[in-house]
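Let's take a walk through this one together. Have the sequence and the 3D view open side by side, and follow along as we go.

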Protein chains: 2
Amino acid sequence: MKVYDYECPIDATLNVIGGKWKASCVYYLINGPKRYSELFEVLETVSSRILSKQLKELEAQDIIKQEVFPESPPKVVYSLTE
Amino acid sequence: MKVYDYECPIDATLNVIGGKWKASCVYYLINGPKRYSELFEVLETVSSRILSKQLKELEAQDIIKQEVFPESPPKVVYSLTE
DNA sequence: CAGTATCCATGAGGATACTG
DNA sequence: CAGTATCCTCATGGATACTG
């Protein structure tokens, strides 16, 4: 949870959960790891570009982590970090 | 705190504190009522239009309340609702 | 002092099609 | 399946000037 370098804790907080779908992603991942497609479905109106983007940002902030299974078709699972 | 009519609690939450300055306003008001100009100063880089707008929205959501003292120069005080 | 009026910039988010 | 590439829209926020 590297959210240092913020003068303001509120800034830090909103930067983490401020994205339109970020809080929801984290929320769903509380119940355990989910595949990309599962998140995509449960979010219903998100576009794949946006979901992908927000997941990456959450990952960059060490909120969630990604696991790639080199299969065909590919399988990518997201889960919360500890 | 009328935040009904939301299918999603996360939506409700971000709608309340999602504005760039809203959470900060609420934060400063925890220590007691503040005048418009006090909030304006402490926020430093907010423009008056935006501050005004976000305060109104917080008011509309019953998060804060406004008190106007009919003096000259005018005095307007904001505080958290209970 | 506490706003409003105007006008402007930006980027977050979205739709759709395509690919390894 | 899990994204990327392109292109687009619009809300949010901002700068500045003005006013009761």
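What follows goes from the pairing of the two chains to a sheet, a single serine and then the DNA strands. Keep in mind throughout that this is a predicted model.

Start with how the two protein copies sit relative to each other. As a general point, two copies of a chain are related by a rotation about an axis and a shift along it. Here, a turn of 180° and a shift of 0.1 Å along the axis lay chain A on chain B, with an RMSD of 0.0 Å. The two copies are therefore related as by a two-fold rotation axis. If you want to find that axis on screen, go to G18(A): within chain A, its C-alpha is the one nearest the axis, at 3.3 Å. The two copies also use the same surface, with 88% of the contact residues of chain A recurring in chain B.

Now zoom in on chain B and its sheet. Strands of a sheet pair through backbone hydrogen bonds, either parallel or antiparallel. In chain B, three strands make an open sheet, running in the order β1-β3-β2 with antiparallel pairing. At the edges are β1 (34-35) and β2 (64-69) of chain B, each of which pairs on one side only. Between β2(B) and β3(B), which run antiparallel, there are six bridges. For a concrete place to look, I64(B) has L80(B) in β3(B) as its bridge partner.

Staying in chain B, have a look at S24(B), which sits in helix α2 (residues 22-29). Is S24(B) buried or exposed? The cut-off for buried is under 20% relative accessible area, and S24(B) comes in at 8%, so it is buried. Leaving aside residues up to four places away in sequence, S24(B) touches I10(A) and L43(B).

On to the DNA, beginning with strand C. There are 21 residues around DNA strand C, and the closest are K20(A), R49(A), S37(B), K56(B) and Y78(B). Which elements supply at least two residues each to this surface? They are α4 (48-60) of chain A, plus α3 (36-43), α4 (48-60) and β3 (75-80) of chain B. By type, the surface residues split into eight nonpolar, seven polar and six charged. Looking at the DNA side, 61% of the strand C atoms within 4 Å of the protein belong to sugar or phosphate, with the rest belonging to bases. Both kinds of partner turn up in the polar contacts. R49(A) has a polar side-chain atom 2.7 Å from a base nitrogen of DNA strand C. K56(B) puts a polar side-chain atom 2.5 Å from a phosphate oxygen, and for S52(B), a side-chain N or O atom is 2.8 Å from a phosphate oxygen.

Finally, turn to strand D. DNA strand D is surrounded by 21 residues, and the closest are S37(A), K56(A), Y78(A), K20(B) and Q54(B). Of its atoms within 4 Å of the protein, 62% are sugar or phosphate and the rest are in bases. Three side chains of chain A are worth clicking on here. An N or O atom in the side chain of S37(A) is 2.7 Å from a phosphate oxygen of DNA strand D, the corresponding distance for K56(A) is 2.5 Å, and a polar side-chain atom of Q66(A) lies 3.3 Å from a phosphate oxygen. The elements giving two or more residues to this surface are α3 (36-43), α4 and β3 (75-80) of chain A, together with α4 of chain B. Its residues divide into eight nonpolar, seven polar and six charged.

How values were computed. Residues are numbered from 1 along each chain as its sequence is written. Chains are lettered from A and ligands numbered from 1 in the order in which they are written. This is a predicted model: local features need pLDDT of at least 70, side-chain atom pairs count only at pLDDT 80 or more; totals for chains, interfaces and linings use all residues. Side-chain values use heavy atoms; hydrogens and water are left out. Helices (H or I, at least four residues) and strands (E, at least two) are DSSP runs, numbered from the N terminus. Buried means under 20% relative accessible area, exposed over 50%, partly exposed in between (1.4 Å probe, protein chains only). Contact means heavy atoms within 4.5 Å. A residue is near a molecule or strand if one of its heavy atoms lies within 4 Å of it. A polar contact is a pair of N or O atoms within 3.5 Å; within protein, one must be able to donate a hydrogen and the other to accept it, and residues adjacent in sequence count only if both atoms are side-chain atoms. Ala, Val, Leu, Ile, Met, Phe, Trp, Tyr, Cys and Pro count as nonpolar, Asp, Glu, Lys and Arg as charged, and the others, Gly among them, as polar. Copies are superposed by least squares on the C-alpha atoms of residues with pLDDT of at least 70 in both. Two strands pair if DSSP finds at least two bridges between them.
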